[in-house]
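Trainee: Could you show me the model? I want to test each term against its cut-off.

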Amino acid sequence: MQQFVDQLIQQGYFPGVPSQIVYALAMLLAAFVVLSVFVAPLAGVTSWLERRVWARMQSRVGPNRVGPQGILQWIADGIKNLLKEDIIPTAADKVLFPLAPYVVFVGFLCAFVVIPFGGSLIVADLNIGILYLLAVTSIVVVGILMAGWASNNKWSLLGGMRSAAQIVSYEIPAGLAVLTIVFVAGTMSTQGIIQAQGWAPWDWFFFYSPFTFVAFFLYFTAALAEGNRTPFDIPEAESELVAGYVTEYSGMRFLFFFFAEWGNLYIIGAVATILFLGGWQVPAIPWVTEQPVLKGILQFVVFFIKAYLWVFVSMWVRATLPRVRVDQLMALCWKYMVPLSFVCVVGTAAWMVVWPHGNRWASIAMFVIGVIILGVFGKRVGFQIRHSRPTLYLKPYI
Amino acid sequence: MKALAAYVGNIFETVTTIFEGMSITLSHLVRRPMTVQYPDRIDKPVQETLPLRYRGILEVDMDICTGCLACERVCPITCITIGIDMNKETKQRSFSHFDIDICKCMYCGLCAEICPTGSIRHSQEFEGASYNPAGLVRHFVTKPVSLYKPKKGGETDPTMAKKAEIGQKYLDEFATPEGPGGAGAGEG
Amino acid sequence: MSEAAAPQSEVFHTEDMTINVGPQHPSTHGVLRFVVRTDGEVIKDAIPDVGYLHRSIEKIGEKCTWHGYVPYTDRADYLAAMFANQGFCMAAEKLGSTEVTRRGEFCRVIACELNRLASHLISIGTFGQDIGAVTPFLHALRERETINDLMEEICGARLTYNYIRIGGVGYDITSETCGKITAFLDHFEPIMDEYNRLLSYNKIYIERLVNVAAITKEEAFQYNLVGPNLRACGVKWDIRRDIPYSVYPELDFEIPVGNGEKGTLGDCYDRYWVRIRELEESCKILRQALKMIPKGPAISKVPRKFKPPAGEAYVRVEAPRGDMGFYVVSDGSEYPYRVRIRTGSFTAMAIIDKLSRGIMVADLIALIASLDVDAPEIDR
């Protein structure tokens, strides 16, 4: 990005304009492009897909009327929300209440700075990328707390408090799980971590050692908790707290909260892909590597599919699990996940002492174990189908 | 040691039950949804798929109504109002109005059961929405209709016979417990 | 769960928070209101406020004929209308010494047990929903939809049946419908198995319910709990067996009681689990009743102007929410002199205040769901 702008300046496209202003404008333009071309449709389509996937898991159909198979539902919902009255309760804090959705939104959007879209497509390859990511996503909790407090509603306040406690606690296992990969990769740059892995599954950090294998699940669970997703959606638990911190919001501000929530799902998946699943690595086949455009596209597709798989998994988890209670949430974090993540960190360190360059056979063995688990799972799915309501409907649409 | 076993057991149980639950939800992705996409995306109208006993909006066949007022009397909610005029010259009695307020009607089916000719009956229709409450009052008498008198030895007029037959069939199949499939047709 | 309040300093003191749960709240199962006083997440007390759904059904009974009141009893508990039908009709039959035909009794049992399935499915489905699992709720409703279709075939309505009449049932169950019910049961039993594996055995779900708001036997007696709530405390009391009515004595079924297998006896999980097992028992009863159903008329001859001799009758039926009692007084006229309905949900409301002390807000939701209170039945 920076090189590109530098080139433009050198070629004399902006005579007499200070370079800082050009940089700032270029950044704004990049942010706009990322937001409007990628993030907004992504969050929107995710919201639609979640409803469709959910519906099918519940023997329903889901939204299928707006556009082909209802894929434009998110635009209809967005327009409807934009046209709604923007209600600010009389008792609400007049400054913080309108501000809170934007804080949440900023926290989520800033994460896209270090998330690559491909081998060369990244807004900024910071050398502290992962650290930046952890820091920036924590801004969200400030926004949620603001929303909870400023609404001047007891349900909102309870939701905000729960969210604060939850996100602060789950930063620790998430951070420790990330730390294991930082150990192995020896860098915090997101591109650097991806380059330290290969395209083949056994070259991924996911299968690097049993400890990183566990660390992946710890990271994913903690990320779900940070993203306020079921089974950790206690801040907005609709059957307990009505809607938690979003109870008093309406119209566009309400939209922003959910924009952030669904966009955040992609960030969870993308970070998991960067850290554990080999990012955008594609096989070094000559006819691919020789063509930069094709390679770029392929890398984007590979990365997107891997990241979106975890978006799907989080929808799936949400459709399956009940919600935990506040004290159980804390117990899960401090009694189970934090000790386990420490074990992972120490184990990975020990592993690296024994095999400084990794143990290829262990990786392959872990990969085989992973495949076996998937196989058992598939078999179980087959059993469920045969066991009850065996009428199949294989068409993904209706 | 026991505590450790419980600790590991907890983790194991959580993971396996979540694993099981997720396999069930995933398997439902390929099973048939149950939704009936009601107004348009169905093979045939819902009204046609409803069972015979379905208690929809009441309809009255004025041609075979005897004006016995049994339905008006039995209705627990008095949603049926019947008016009968007598022509002083011809001594002919005729309906001045026969209104059913489906706003009030609770579809209990008592009127349909008590009707001797099967003139008042529940249809399969249920889409009764209207823009104002007055639109929900069904008027069955638009011009004065004279009362029906069942003839001894069966109906002779073919159109009337058809109507009477429909009413009787309705009574047989729906309104009496002794209808076909009723007494003695049971067992498994 | 609750710990002794920390000593409060002079400068930094905390205040109780008063929250209104309801009347419009996603998990109050109708319109209920609880005035909850909490210290953060921990509840100090929760006072139920009922009456938002009062329709004076009992008073209406004095203005209707005996036959005409039956459709109104549907509305007393619209999730289990069949039982209110049966309760009132049994009371009227007792007053008028009316015989019920044998086939009528079996039709009643079949319809009632189907209705019990539907009602319990709602109960366990919304239970999952309140705990946060949305999929099981819709799976339960999906099965209930089939039951509603069967009900539609049997009596023409999906919710307010008006099926059971004085002297028998309104419409006979045809052999075709009997076959459909059997086919449904064959389909339903594996579904319940799957439902258990999806929700009931889920560790998170179990953890949410065990040891929450446990009711002891003594408390259950003191607060006059009935039905599954009472049986979850380990008391084997079921009107169908202990004060037999209809043809239940001829049928072979078990009465599931709570045994505290996951936690304490009488906790939320026990109340949930008793209902799951009652579903299985209902399936068993249905299969037997479908086999045993005799030939004959479905309703006995009852005069159109039903005028029972003056007197009073109290009849109890085992509804899904427990003992439903009908106290009916006749003065010999065409209209009941007084109708009084005693319902299980109403008494269950009283214990909420006691149990809610010291539990968390999320547990209160689980407690309300586990008692399976139903707003129309509370207020009538």
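Mentor: Start at the hairpin of S2(C) and S3(C). Two residues lie between its strands, and Gly40(C) there takes a positive phi near 70 degrees. The model is predicted: local features need pLDDT of at least 70, side-chain atom pairs count only at pLDDT 80 or more, and totals for chains, interfaces and linings use all residues. Residues are numbered from 1 along each chain as its sequence is written, with chains lettered from A and ligands numbered from 1 in written order.

Trainee: How do you know that S2(C) and S3(C) are joined, and in which sense do they run?

Mentor: Strands are DSSP runs of E, at least two residues; helices are runs of H or I, at least four, and both are numbered from the N terminus. Two strands pair if DSSP finds at least two bridges between them. S2(C), residues 33–39, and S3(C), residues 42–49, share seven bridges and run antiparallel. Therefore they count as paired. Arg33(C) has Asp49(C) as its bridge partner in S3(C), and Val36(C) has Ala46(C).

Trainee: What does S1(C) do with S2(C)?

Mentor: Five bridges link them, in the antiparallel sense. Ile19(C) stands opposite Val36(C). The result is an open sheet of three strands in the order S1-S2-S3 of chain C, with antiparallel pairing.

Trainee: What makes S1 and S3 of chain C edge strands?

Mentor: Each pairs on one side only. Neighbouring strands of the sheet are turned by 20 degrees against each other on average, direction ignored.

Trainee: Which side chains of S2(C) are buried, and which are not?

Mentor: Buried requires 20 or more other C-beta atoms within 10 Å of the residue's own; exposed is 12 or fewer, and partly exposed is in between, with C-beta atoms placed from the backbone. Phe34(C), Val36(C) and Thr38(C) point to one face and are buried. Arg33(C), Val35(C), Arg37(C) and Asp39(C) point to the other and are not. In a regular strand, side chains alternate between the two faces of the sheet.

Trainee: Now the helices. Why is H2(A) called roughly perpendicular to H3(A)?

Mentor: Two packed helices are described by the angle between their axes and the distance between the axes. Axes are lines fitted to C-alpha atoms, for helices over the stretch in contact, and angles run from 0 to 180 degrees between N-to-C directions. H2(A), residues 19–57, and H3(A), residues 73–83, pack at about 110 degrees, with axes 8 Å apart. That makes H2(A) roughly perpendicular to H3(A), because 65 to 115 degrees carries that name; under 35 is roughly parallel, over 145 roughly antiparallel and the rest oblique.

Trainee: Is the crossing of H9(A) and H11(A) left-handed or right-handed, and at what angle do these helices pack?

Mentor: H9(A), residues 210–226, and H11(A), residues 251–276, pack at about 165 degrees, with axes 10 Å apart. That makes the pair roughly antiparallel. The crossing is right-handed. The near helix is then turned clockwise from the far one by less than a right angle; anticlockwise would be left-handed. H2(A) also passes H3(A) in a right-handed crossing.

Trainee: Which residues of H9(A) and H11(A) meet?

Mentor: Contact means C-beta atoms, placed from the backbone, within 7 Å. In H9(A), Thr212(A), Phe216(A), Tyr219(A), Phe220(A) and Ala223(A) meet Ile268(A), Ala272(A), Leu275(A) and Phe276(A) in H11(A). By class, that contact has eight nonpolar, one polar and no charged residues. Ala, Val, Leu, Ile, Met, Phe, Trp, Tyr, Cys and Pro count as nonpolar, Asp, Glu, Lys and Arg as charged, and the others, Gly among them, as polar.

Trainee: How many residues of chain C are in contact with chain B?

Mentor: 39, against 30 residues of chain B. The chain C side divides into 15 nonpolar, 12 polar and 12 charged.

Trainee: And how many residues does the contact take from chain C and from chain A?

Mentor: 29 from chain C and 25 from chain A. H5(C) gives the largest share of the chain C side, five residues. That side divides into 15 nonpolar, eight polar and six charged.

Conventions
Contact = placed C-beta atoms within 7 Å.
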